[in-house]
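Visitor: I'd like a close look at the sheets in this one. Could you walk me through how the strands are put together?

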Amino acid sequence: MLKKVRIVGGGLAGCEAAFQLAELGFDVELFEMKPHKRTPAQVSDHLAELVCSNSFRSNSPTNAVGLIKEEMRRAGGFLMRMAEIAKVPAGDALAVDRGRFAEVVEKHLSEHPRISINHEEVTTIPRDPIPTMICTGPLTSDALAEDLAQITGRERLAFY
C-alpha cells in the first residue's frame, strides 16, 4: 500500500497536516515555495508564517474560539503545542512571537523522520497516483491558482 502524501503549502494547514500524517505513518513531501518565491504578504522564509496577526484570539474554553483550541489540544494538535512554546503574554488570548513560532514549527517538521521539506514552487497539480493536498489558501501563487482554475473551473475557485 502506498503510504506517501504530497502537501503543497507550508502554512498552518499544510504544517498541521504534514505532522499528523507523518505521525500516522505516512511519508510526507511538504512543498513550500519560500525562500525562492514569496507572495506580497510574506516577509519570512519560514514555514507557518503568521502574516496578519500574532494572536490566535481567545484561549478561554467558554467561547467558540477558545473551545476549538482546547479541542485541538485534546486531539494532539501540533500547532497548539508549538504555540505554547512561542506564546507571549496577551491576557486571555493565545498570542505568539511570530518569528519564534515559525522557527519551532519548522524545526520540529524538519527533524521529523517521515517529513521531507522541498523549497520549490509547485505551479501545477501533479497528475500522478500520489495523493496531494493543496494547502495554499489565499497565498497561492499565480501559476498554481491558474492551474487550479483550469481544473476546477473559474466559477468555483475561491480561497478562505
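Guide: Strand E1, residues 4–8, lies alongside strand E2, residues 27–31, and the two pair in the parallel sense over five bridges. For a spot to click on, take Val 8: its bridge partner in E2 is Phe 31. Keep in mind that this is a predicted model.

Now zoom out from that pair. E1 and E2 belong to an open sheet of four strands, and reading across you get E6-E2-E1-E7, with parallel pairing. The edges are held by strand E6 (115–118) and strand E7 (132–134); each has a single partner strand, so one side of each is left without a neighbour in the sheet. As for the twist, neighbouring strands here are turned by 20° against each other on average, direction ignored.

There's another open sheet to look at, this one with three strands in the order E3-E5-E4, and here the pairing is antiparallel. Strand E3 (55–58) and strand E4 (87–88) are its edge strands, each pairing on one side only. Follow E4 across to strand E5, residues 93–96: the two pair in the antiparallel sense over two bridges. Val 88 is a handy marker there, with Ala 95 as its bridge partner in E5.

While you're scrolling along the chain, stop at helix H2, residues 64–74, too. At its start, a side-chain oxygen of Asn 63 comes to within 3.1 Å of the backbone nitrogen of Val 65. After H2 comes Gly 76, with a positive phi near 85°.

Key. Residues are numbered from 1 along each chain as its sequence is written. This is a predicted model: local features need pLDDT of at least 70, side-chain atom pairs count only at pLDDT 80 or more; totals for chains, interfaces and linings use all residues. Side-chain values use heavy atoms; hydrogens and water are left out. A polar contact is a pair of N or O atoms within 3.5 Å; within protein, one must be able to donate a hydrogen and the other to accept it, and residues adjacent in sequence count only if both atoms are side-chain atoms. Two strands pair if DSSP finds at least two bridges between them. Axes are lines fitted to C-alpha atoms, for helices over the stretch in contact, and angles run from 0 to 180 degrees between N-to-C directions.
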